[in-house]
Amino acid sequence: MDGTETRQRKPEELALPHAFSPGRLSGASEDGLPSVSESHRVVSKPLGSEFSKETALSIGLQANTGQIDDTQEQHRVISSNLALIQVQATVVGFLAAVAALLLGAMSREELDFVKVELLCASSVITAFLAAFALGMLMVCIVIGARKLGVNPDNIATPIAASLGDLITLSILAFVSSFFYKHKDNRYLTLLVCISFTALIPLWVLIVKQNPPIMRILKFGWFPIILAMVISSFGGLILNKTISKQQFQGMAIFTPIICGVGGNLVAIQTSRISTYLHMWSTPGVLPLWMKQYWPNPCSTFCTSEINSVSARVLLSLVVPGHLIFFYIIYLVEGHLVPQSKMFVVFYLLASLMQVTILLYLAEVMVRLAWHQALDPDSHCIPYLTGLGDLLGTGLLTLCFLINWLLRSEAGLDGISDPASGPP
């Protein structure tokens, strides 16, 4: 009874540092994030020995530790997580191919069955290899975090999200080129699809070693599939605009605005999830988080640790995008809109995107926790999918407004001298 009461008290009521980060102990959820959270939950240490003060500066630079001390438990957790990822990757690979075909049909493109087979085989192999590579990377990061004393919530998630795009696109380019060269061999793509489908029972057997991960395999499909659908609408917007003159350069900025927003909201979601695991139990919200739809001011303007981290993450948006903007200008200067007004609109759109996502993270994590669901597994897919849709939509508005303003000023089609960043 005393333990339950303690978990329902705020940090300041226990005479602890108010900036305490709950992730110092068992940083994961009961179900566990497939590649991160479950793996640093295994062995918890005494409560008092793990408390430390986490300031805004430390949040911005890294943060804290997870525990994986038992070697046998490490192997069980790692193998079951990797197997889960392979099942999800295979299924999502097929679904991604179907989604691409549907989007093509909506764009009234002609259906070619050779392309269908090529797309399915390329999607499945890409998902398989990318998931395995990222899964192993996450294992190394979490174990390294244990040794170095940094917080996987703040490091593993953005690395996975940012490198995920790079690794996936690189593998997809290589694999699709290979299959395109051998497109006359109809049996090759069919054999690939059948082989990877046949491996699914093996992965399921491995996942069964870990009951919490098995629960994710049974009940964690809806967030992933819905997130993919949400992201696909962003892809549809991009497909409709990318070939038009007024949206020139949008293809370069889209992965940046979507990636930054997705990374930041994933970090915040993991942190809130960790916080709830420290101060409550699944299905029971702490007394100070009972409100499902909190006041936005409480999300960004209080001294609570989650509010502090939200402000830190929000403060990274403008300098981060300015750095990316300058790099894009140096590499692809002719595709960067030569207008200071565009930079202002772009930064405002980025801030609006991240602000909305951070608030929705607070709301969705509370709702998921109230339903005794793992926020890492159920909220991050939705939020990153929404990040893609919001980012693409707002970026489209930026290019459109910039084009309209330039048209009114009689500057449409005229490029300013590329002497430096706008």
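In which crossing, left-handed or right-handed, does α11 pass α16? I shall begin with that pair of helices, then turn to a second partner of α11, to two individual residues, and finally to confidence. Please keep in mind throughout that this is a predicted model.

To answer the opening point, α11 passes α16 in a right-handed crossing. The two axes come within 8 Å, and they cross at roughly 150°. Since angles over 145 degrees count as roughly antiparallel, α11 is therefore roughly antiparallel to α16. As for the composition of this contact, its residues divide into twelve nonpolar, ten polar and two charged. For orientation on the display, helix α16 covers residues 375-408, and helix α11 covers residues 250-279.

Let me now move to α15, which spans residues 340-370. The axes of α11 and α15 come within 9 Å and cross at roughly 30°. Angles under 35 degrees count as roughly parallel, so α11 and α15 are roughly parallel to each other. Here, too, α11 passes its partner in a right-handed crossing. Sorted by class, the contact of α11 with α15 has 16 nonpolar, seven polar and one charged residues.

I turn next to a single position in α16, namely T392. Is T392 buried or exposed? With a cut-off for burial of under 20% relative accessible area, T392 counts as buried, because its relative accessibility is 3%. Leaving aside residues up to four places away in sequence, T392 touches G234, I237, L238, M250, T254 and C258.

The other residue I wish to show is I225, in helix α10, which runs over residues 221-241. Its relative accessible area is 33%. Partly exposed residues fall between the 20% and 50% limits, so I225 is partly exposed. How far apart are I225 and L95 in sequence and in space? They are separated by 130 residues in sequence, while their C-alpha atoms lie 8.2 Å apart.

Finally, a word on confidence. The chain has a mean pLDDT of 76, with 77% of its residues at 70 or more. Among its elements, helix α15 has the highest mean pLDDT, 92, and helix α2, residues 47-50, the lowest, 38. Two stretches deserve mention. Over residues 1-7, pLDDT stays under 50, and the model has eight contacts beyond four places in sequence for them. Over residues 11-52, pLDDT likewise stays under 50, and there the model has 133 contacts beyond four places in sequence.

Key: Residues are numbered from 1 along each chain as its sequence is written. This is a predicted model: local features need pLDDT of at least 70, side-chain atom pairs count only at pLDDT 80 or more; totals for chains, interfaces and linings use all residues. Side-chain values use heavy atoms; hydrogens and water are left out. Helices (H or I, at least four residues) and strands (E, at least two) are DSSP runs, numbered from the N terminus. Buried means under 20% relative accessible area, exposed over 50%, partly exposed in between (1.4 Å probe, protein chains only). pLDDT is the predictor's confidence in each residue, from 0 to 100. Contact means heavy atoms within 4.5 Å. Axes are lines fitted to C-alpha atoms, for helices over the stretch in contact, and angles run from 0 to 180 degrees between N-to-C directions. Angles under 35 degrees count as roughly parallel, over 145 as roughly antiparallel, 65 to 115 as roughly perpendicular and the rest as oblique. A crossing is left-handed if the near helix is turned anticlockwise from the far one by less than a right angle, and right-handed if clockwise. Ala, Val, Leu, Ile, Met, Phe, Trp, Tyr, Cys and Pro count as nonpolar, Asp, Glu, Lys and Arg as charged, and the others, Gly among them, as polar.
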